[in-house]
Amino acid sequence: MATSSLPIGAAPGADPALREGDAGPAFSPLYQQIKALLMRSLQAGEWRPGEAIPSEVELAVRFKVSQGTVRKAIDELATENLLVRRQGKGTFVSTHAEQQTQYRFLRLMPDEEGAVGPVERKLLDCRRLRAPADVSRALELKSGDTVVSVRRMLVFRGKPVVLDEIWLPGAQFKGLTAERLSDYRGPMYALFETEFGVRMIRAEEKLRAVAADAAAAELLQVSPGFPLLSVERLSLTYGDKPVELRRGLYNTSGHFYRNELS
């Protein structure tokens, strides 16, 4: 999964803010510069998840560019699920609490069409500990830093299907406990967003086939050696900063992993 960084240059007649922090020549399209400035505002918390951002007209005045340039920048942010357009209401910061986005990173679909149903979350444990070396590297932590380790299962229509092992930077998730996770009824990413100010905006995944060990087999109610799909996900927030390492084991006997390529 390729990533890209957007250089921010100054365009003739543009707001001086476009030149803030510019260390190189101006060569990115103007709408990309506006997109980068909007990203800065999102990262700084100027507009919180679920809140409306200013209108295209207001943003055009603010940045001294055309409304069409602003619209193109917003279109890209909407395509990337950072903003949501609502007909007749405006443009809002997307949130994991919304029904249409709360399962954006969960790509497991039932073989039987229309049989998705509610997902039950079953917490197994939540601990604070020193980060293992591989977790520390993935989350770009210092040696000895604390992490929060969470294990939980996702149950679809009464059947355990996903066993997750989740690692989070301890400094960003102070106060996250088993009690807090158990008491929260919404999706986990919505909790991270609303209670800890950490928003997952994109993820990178590695998939491979594995055989269930005895412990995983017991929890997922399959036989040892049963084929499972291993999904390792690194979730990132603004600035491509890693904020979650998630290792999941998926029972795909009644489900498939769906992805879209473009």
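Reader: Helices are DSSP runs of H or I with at least four residues, strands are runs of E with at least two, and both are numbered from the N terminus; how many of each does the protein have?
Author: This is a predicted model in which local features need pLDDT of at least 70 and side-chain atom pairs count only at pLDDT 80 or more, whereas totals for chains, interfaces and linings use all residues. Residues are numbered from 1 along each chain as its sequence is written, and side-chain values use heavy atoms, with hydrogens and water left out. Under the DSSP rule, the secondary structure comes to seven helices and ten strands.

Reader: Which elements do the buried residues of helix 3 pack against?
Author: Buried means under 20% relative accessible area (exposed is over 50%, partly exposed in between, with a 1.4 Å probe and protein chains only), and in helix 3 this applies to Thr69, Val70, Ala73, Ile74 and Leu77. They cover an arc of only 130° around the axis, taken from the directions from the axis to the C-beta atoms, which puts them on the same side of helix 3. By contacts, meaning heavy atoms within 4.5 Å, that buried set packs against helix 1, helix 2, strand 1 and strand 2.

Reader: How are helix 1 and helix 2 oriented to each other?
Author: Ile34, Leu37, Leu38 and Ser41 of helix 1 meet Leu59, Arg62 and Phe63 of helix 2. Their axes, lines fitted to C-alpha atoms over the stretch in contact, with angles from 0 to 180 degrees between N-to-C directions, come within 12 Å and cross at roughly 105°. Angles under 35 degrees count as roughly parallel, over 145 as roughly antiparallel, 65 to 115 as roughly perpendicular and the rest as oblique, so the two helices are roughly perpendicular.
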